[in-house]
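Here is a short briefing on one protein chain. Keep the model open while you read.

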Amino acid sequence: GDMALASGFASAAATAAANNVSGSVSQAIGKPLDGLNGLSSSAPGHSDINWVDFNYPPLLRLIHFNIEELPSSLTGIVRAFNVSFQLTVFTCLIGLVNTIILLSSAQGEGKWLLQSAIHTLVLSAASLLVFYSGYRGLAEPDAQLASRFKVGQPVLAFLYFLLGILPFGCINGLAKLGETKGNVYWIIVVILESILWLGNCALASWNTVRLQRFDSYASDPPATRF
C-alpha cells in the first residue's frame with residue numbers, strides 16, 4: 001500500500017543518487033571491475049597520490065583516501081566531505097540497531113528490519129561514491145568527478161532531510177513521534193536519528209555550497225579547471 005511505497009522511497013532515491021555519481025564505475029571508485037591493470041593504465045596524473053593503493057573504508061578497502069596527501073587548501077573541504085559519508089554510515093547503523101531492539105520488544109513490524117538493512121547498504125554505497133567523486137575531483141582535479149559530486153551531494157542532502165522527517169516503515173523521522181505510544185526508548189530513537197539525519201542534511205548542503213564557492217573563488221589555476 002501507500003506505506004510500502006513510501007518506505008521504499010529512500011532506497012529508490014539513494015539508488016538514483018548512486019547511478020548519477022557512479023557513471024563509469026572504474027573512474028568513480030577506486031577498485032576497478034576489470035582488474036588493477038585496467039585502472040592503472042588510465043590512472044590520473046597526480047604524481048603524489050597512488051589511487052590504486054586501496055585503504056578506505058577500513059576493512060573494506062574499496063578506494064584510496066589519505067587526507068595528508070592533499071594541499072592545505074583542500075584538507076578542510078575534503079574532511080567535511082568525509083564526515084558526511086561517515087555520518088551517513090553511522091546513522092544507518094544506529095537505525096539498524098534500533099530497529100532490531102524495537103522488534104525484540106514487540107514494537108514495529110518485521111519488514112522494517114529488511115528495509116533498514118537495504119537503507120544501510122544503499123545509502124552507505126551512494127554516500128561513498130559521492131564522497132570519492134568530490135575528493136578525487138578536487139585532488140586531481142577532475143571536472144567529471146566534481147560534477148558528479150555537485151549532483152549527488154544535494155540529492156543525498158534531500159534524502160537526509162526526508163529521513164529526518166518521514167514516519168514511514170523503519171524511518172524514524174520527527175513525524176513518527178506521534179506513533180511511539182509513549183515508549184520512552186522509541187521517543188529517544190526518533191529524536192536521535194532525526195537530529196543525525198537533519199544535521200547531515202545541513203552538512204551535505206554546506207558541502208555543496210563550499211565546492212561551488214571553491215570553483216568560483218579559488219585562485220590556484222588547477223583548482224578552477226572544473
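## Helix α6 and its surroundings

Helix α6 has 29 residues, and from its first C-alpha to its last it reaches 42 Å, close to the 42 Å expected at 1.5 Å a residue. The model is predicted. Helix α6 is mostly covered, with 22 of its 29 residues buried. It also gives the most residues to the largest nonpolar core, nine, and the most to the lining of the largest pocket, six.

**Overall make-up**

- The protein chain holds eight helices and zero strands.
- Read from the N terminus, the order of elements is α-α-α-α-α-α-α-α.
- Of the 226 residues in the protein chain, 47% are buried.
- The chain's accessible surface comes to about 10600 Å². Carbon and sulfur atoms hold 64% of that surface.
- Among contacts in the protein chain with a separation of 6 or more, 67% are between residues 24 or more positions apart.

**Helix α5**

- Helix α5 has 33 residues. Its span from first C-alpha to last is 48 Å, close to the 48 Å expected at 1.5 Å a residue.
- Ala106 follows α5. The phi of Ala106 is positive, near 65°.

**Nonpolar cores**

- In soluble globular proteins, nonpolar side chains tend to be buried together.
- The largest nonpolar core has 34 residues. Leu70, Val78, Phe131, Tyr135 and Leu138 touch the most other members.
- Four helices each supply at least two residues of this core: α5 (72-104), α6 (111-139), α7 (143-165) and α8 (184-217).
- Among these contributors, α6 gives the most, with nine residues.
- Another core, of six residues, lies apart from the largest one. Its members include Leu102, Cys170, Trp186 and Val190.

**Ser127, a buried serine in α6**

- Ser127 sits in helix α6.
- Is Ser127 buried or exposed? Ser127 counts as buried because its relative accessible area is 3%, under the 20% cut-off.
- Which residues does Ser127 touch, leaving aside those up to four places away in sequence? They are Ser84, Phe85, Thr88, Leu156 and Tyr160.

**Largest pocket**

- About 340 Å³ of space lies in the largest pocket.
- The pocket is lined by 14 residues. Closest to its centre are Leu60, Leu62, Ser124, Ala125 and Leu128.
- The elements that give two or more residues to this lining are α5 and α6.
- Helix α6 gives the most to the pocket lining, with six residues.

**Cavities**

- Rolling a probe the size of a water molecule over the atoms shows where empty space is left.
- How many cavities of 30 Å³ or more does the structure hold? There are two.
- The largest cavity contains about 110 Å³ of space.
- Its lining is made of 14 residues. Gly95, His119, Cys170, Glu193 and Trp197 lie nearest the centre of the cavity.
- Helices α5, α6 and α8 each supply at least two residues of the lining of this cavity.
- Cys170 appears in two places: it is one of the six residues of the separate core, and it is one of the residues nearest the centre of the largest cavity.

**Where α5 and α6 recur**

- Both helices each supply at least two residues of the largest core.
- Both give two or more residues to the lining of the largest pocket.
- Both also supply at least two residues each of the lining of the largest cavity.

Definitions and conventions:
Residues are numbered from 1 along each chain as its sequence is written. This is a predicted model: local features need pLDDT of at least 70, side-chain atom pairs count only at pLDDT 80 or more; totals for chains, interfaces and linings use all residues. Side-chain values use heavy atoms; hydrogens and water are left out. Buried means under 20% relative accessible area, exposed over 50%, partly exposed in between (1.4 Å probe, protein chains only). Contact means heavy atoms within 4.5 Å. Accessible areas come from the Shrake-Rupley method with a 1.4 Å probe; for residues, only the protein chains shown count as cover. A nonpolar core is a set of buried Ala, Val, Leu, Ile, Met, Phe, Trp, Tyr and Cys residues joined through side-chain atoms within 4.5 Å. The expected span of a helix is 1.5 Å times one less than its number of residues. On a 1 Å grid over the protein atoms alone, a cavity is a set of points where a 1.4 Å probe fits but cannot get out, and a pocket is an open set with protein on both sides within 12 Å along at least five of seven lines; lining residues have an atom within 4 Å of a point. Grid points are joined across faces, edges and corners, and a volume is the space filled by probe spheres set on the points.
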